[in-house]
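Subject: Structure handover

Hello,

I am passing this structure on to you, with the sequence alongside. My notes on what was found follow below.

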Amino acid sequence: MALRIRSKREFGSALLYGALGMAGFVIAGDYGFGTAGRMGPGYFPRVISGLLILVALASLLRSLQRDGDPIGPVNWKALLLVTASVCLFGLLLIGAGLPLALTVLLLVSASASEHFAMSTRSLAALVALVAVCTLVFAEGLGVPMPLVGSWLSPLFAS
């Protein structure tokens, strides 16, 4: 029985997820793993990498079982805007602070969608998401990210 790829899009997704998962394992290979109670620096990357590999296997199986659409043209606008939003987040984090960097990340990446429109509802969701992420990462997990960056700290000096 010969295996035949019935969904090229699903197969491409499997390759991408698998490559990212394997790269994560290789990169985090020398990091200490730790335990669930005392996570080492390699714990999170390896868990996420393992999940990506599981998703890759599921996508691979689906590509062999179900017919699917062919791979369409690349949406360059979305690809560039999402990539730019991540780069801007990295550039703004220290200078502007976490809430402002998250706001830019979300607005630029959301503008990649043709369905995005600024409304009261989307603005409320933006504020809520920035607040939750700030609380979870900076306060709850204690990730050392500034809330007010070095560029804005003179404005808040007493």
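**Helix α2 and its surroundings**

The buried residues of α2 are Tyr 43, Arg 46, Ser 49, Ala 56, Ser 59 and Ser 63. Before going further, please note that this is a predicted model. Helix α1 is among the parts that cover these buried residues of α2. The helix α2 itself has 23 residues, and from its first C-alpha to its last it reaches 33 Å, close to the 33 Å expected at 1.5 Å a residue.

Three residues of α2 give an idea of how its surroundings vary.

- Tyr 43 belongs to helix α2. Its relative accessibility is 18%, and since buried means under 20%, Tyr 43 counts as buried. Apart from neighbours within four places in sequence, Tyr 43 is in contact with Gly 32, Phe 33, Thr 35 and Ala 36. His 115 is 72 residues away from Tyr 43 in sequence, and the two are 37 Å apart in space, C-alpha to C-alpha.
- Phe 44 is also placed in helix α2, which runs over residues 43–65. With 58% relative accessibility, Phe 44 counts as exposed.
- Ser 63 is another residue of helix α2. Its relative accessible area is 0%, so Ser 63 is buried. Not counting residues up to four places away in sequence, Ser 63 touches Arg 4, Ile 5, Arg 6, Ser 7, Glu 10 and Phe 11.

**A nonpolar patch on the surface**

Phe 44 is part of a nonpolar surface patch of about 710 Å². The other residues that make this patch are Phe 33, Val 47, Ile 48, Leu 51, Leu 54, Leu 57 and Leu 60. Phe 33 is also one of the contacts of the buried Tyr 43.

**Salt bridges**

How many salt bridges does a search of the whole structure find? It finds two. As background, side chains of opposite charge can pair when their charged atoms come close.

One salt bridge joins the side chains of Asp 67 and Arg 6, at 2.9 Å from N to O. Asp 67 lies in the loop between α2 and α3, while Arg 6 lies in the segment before α1 (8–27), so this pair ties together parts that are 61 residues apart in sequence. Asp 67 counts as exposed at 56% relative accessibility, and Arg 6 is partly exposed, with a relative accessible area of 32%. Arg 6 is also among the residues that Ser 63 touches.

Glu 10 and Arg 62 form a salt bridge as well, with their closest N and O atoms 3.7 Å apart. Here Glu 10 is in helix α1 and Arg 62 is in helix α2, so the pair ties together parts that are 52 residues apart in sequence. Glu 10 is buried, with a relative accessible area of 19%, whereas Arg 62 counts as partly exposed at 38% relative accessibility. Like Arg 6, Glu 10 appears among the contacts of Ser 63. Arg 62 and Ser 7 are 55 residues apart along the chain, and their C-alpha atoms are separated by 7.7 Å. Ser 7 is itself one of the residues touched by Ser 63.

**Helix α4 and its neighbours**

Helix α4 covers residues 98–110. At 1.5 Å a residue, its 13 residues should span 18 Å, and the end C-alpha atoms are 18 Å apart, which agrees.

Which residues of α4 are buried? They are Leu 98, Ala 101, Leu 102, Leu 105 and Val 108. Looking down the axis of α4, these buried residues fall within an arc of 140°, so they line one face of the helix. They pack against α3 (76–96) and α5 (120–140).

On the α5 side, Thr 134 is worth a look. Thr 134 is found in helix α5, and at 11% relative accessibility Thr 134 counts as buried. Leaving aside neighbours within four places in sequence, Thr 134 is in contact with Leu 98, Pro 99, Leu 102, Glu 139 and Leu 147. Of these contacts, Leu 98 and Leu 102 are among the buried residues of α4.

Regards

Methods
Residues are numbered from 1 along each chain as its sequence is written. This is a predicted model: local features need pLDDT of at least 70, side-chain atom pairs count only at pLDDT 80 or more; totals for chains, interfaces and linings use all residues. Side-chain values use heavy atoms; hydrogens and water are left out. Helices (H or I, at least four residues) and strands (E, at least two) are DSSP runs, numbered from the N terminus. The expected span of a helix is 1.5 Å times one less than its number of residues. Buried means under 20% relative accessible area, exposed over 50%, partly exposed in between (1.4 Å probe, protein chains only). The arc is that of the directions from the helix axis to the C-beta atoms. Contact means heavy atoms within 4.5 Å. Patches are made of residues with over 30% relative accessible area and no salt bridge: like charges are joined within 9 Å, nonpolar side chains (Val, Leu, Ile, Met, Phe, Trp, Tyr) within 5 Å. Accessible areas come from the Shrake-Rupley method with a 1.4 Å probe; for residues, only the protein chains shown count as cover. A salt bridge is a side-chain nitrogen of Lys or Arg within 4 Å of a carboxyl oxygen of Asp or Glu.
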